[in-house]
Amino acid sequence: MNHWSILYRGLLSSCNYGCTYCPFAKTKNTRAELADDAQRLQNFVQWVKGRSEQISILFTPWGEGLIRKYYQEAMTELSHLPHVKKVSIQTNLSCTTNWMDAVHRDSFALWTTFHPTQISLEKFVNKCKQLDALNIQYSVGFVAFKEDIDILERLRASINPNRYVWANAYKRIPNYYTEEDILRIERTDPLFRYNTMHHQSLGKSCQAGYTSFTVDGNGDVRSCHFIDTVLGNIYTHEIRDCLTPKSCINATCGCHIGYVHLDELNLYHTYADGILERIPSTYRE
Ligand code: SF4
Ligand code: SF4
């Protein structure tokens, strides 16, 4: 039976946080835009319900989805479908957590990001403890600017040791990190080095466009978030016919949500079924 990893990004483009570097900081969608996003998300849920493949889903919204009840309800519903192996979302974890009591624990997980300028470490760690109490799987991390490495270490020290703490590399300045910095960050995130580079991907075999693909709010399917070519539409095509083994057409791939699907890195083995929520198999509780 086929297994698909699907990254869904709908129309939502707003966030309750105000990170200075982010285009969605403190932005709002109108009521009509949110209703439209909710309807399209529900269309996607209905499509998933009708499939026979095994499906894992990562929501990668522009902004924050989990402060919206319709996202909470969609994820809860998806987590209970027998053929949905995983439903996850990238979130700042500012939402309440009590609704998660209704999710199916084996197939629900969170990719959480700590934003040191928006919430205190203590408050964020308390939220993580709520997830622990609810027995929710999650990873946690943030961009490791050099001046924030000590915060990363404090985060690591404060979080349940069985949870994976990842660090994203700041890559806009070439050679930003010294080898000493990398070795230090690897004591928190043993997989950090993968994230420090733009992996040479041109012509290399990648699961994107074959067993992994993205879906947008219109139902359009693309190989990944980094290639614009539309392969088909889940509502108007039999999408299985549009998915074939592919080689990357981009020069490089530098984001976890992309390069984990690059065959030569063999990261499916490292993350196993925690690949979408970024939890290596050795960290699963
Ligand atoms: S929490 Fe994420 S989406 Fe929201 S402003 Fe910060 S970086 Fe942007
Ligand atoms: S290597 Fe990255 S950019 Fe290339 S197809 Fe795979 S996910 Fe997309």
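**Two pockets and their ligands**

The largest pocket has a volume of about 1700 Å³. Strands and one helix feed into its walls: strand 4 (62-63), strand 5 (84-91), strand 6 (108-113), strand 7 (137-143), strand 8 (164-168), strand 11 (212-216) and helix 7 (256-259) each give two or more residues to the lining. Strand 11 hands over the largest share, three residues. Note that this is a predicted model.

In total, 50 residues line this largest pocket, and Y21, C22, W62, V143 and N168 sit nearest its centre. Sorted by character, the lining comes out as 25 nonpolar, 16 polar and nine charged residues. Ligand 1 takes up space here, in the largest pocket. Around ligand 1 are C15, Y17, C19, Y21, C22, A25, G63, N92 and H115. That shell holds six nonpolar and three polar residues, with no charged ones.

Next comes the second largest pocket, with about 270 Å³ of space. Its lining is made up of 20 residues, and those nearest the centre are C224, I227, C248, I249 and N250. Two elements, strand 14 (246-247) and strand 15 (252-253), give two or more residues to this lining. Here the split is eleven nonpolar, eight polar and one charged.

Ligand 2 occupies the second largest pocket. Its surroundings consist of S201, C206, A208, C224, F226, I227, C248, N250, C253, G258 and L262. Of the residues in this shell, eight are nonpolar, three are polar and none is charged.

How values were computed: Residues numbered from 1 in each chain as written. Chains lettered and ligands numbered in written order. Predicted model: local features only at pLDDT ≥ 70, side-chain atom pairs only at ≥ 80, totals over all residues. Heavy atoms only, no water. Near = heavy atom within 4 Å. 1 Å grid on protein atoms, 1.4 Å probe; cavity = no way out; pocket = protein on both sides within 12 Å on 5 of 7 lines; lining within 4 Å. Sits in = over half its atoms within 2 Å of the grid points. Nonpolar A, V, L, I, M, F, W, Y, C, P; charged D, E, K, R; others polar. Points joined across faces, edges and corners; volume = space filled by probe spheres on them. Helix = DSSP H or I, 4+ residues; strand = E, 2+ residues; numbered from the N terminus.
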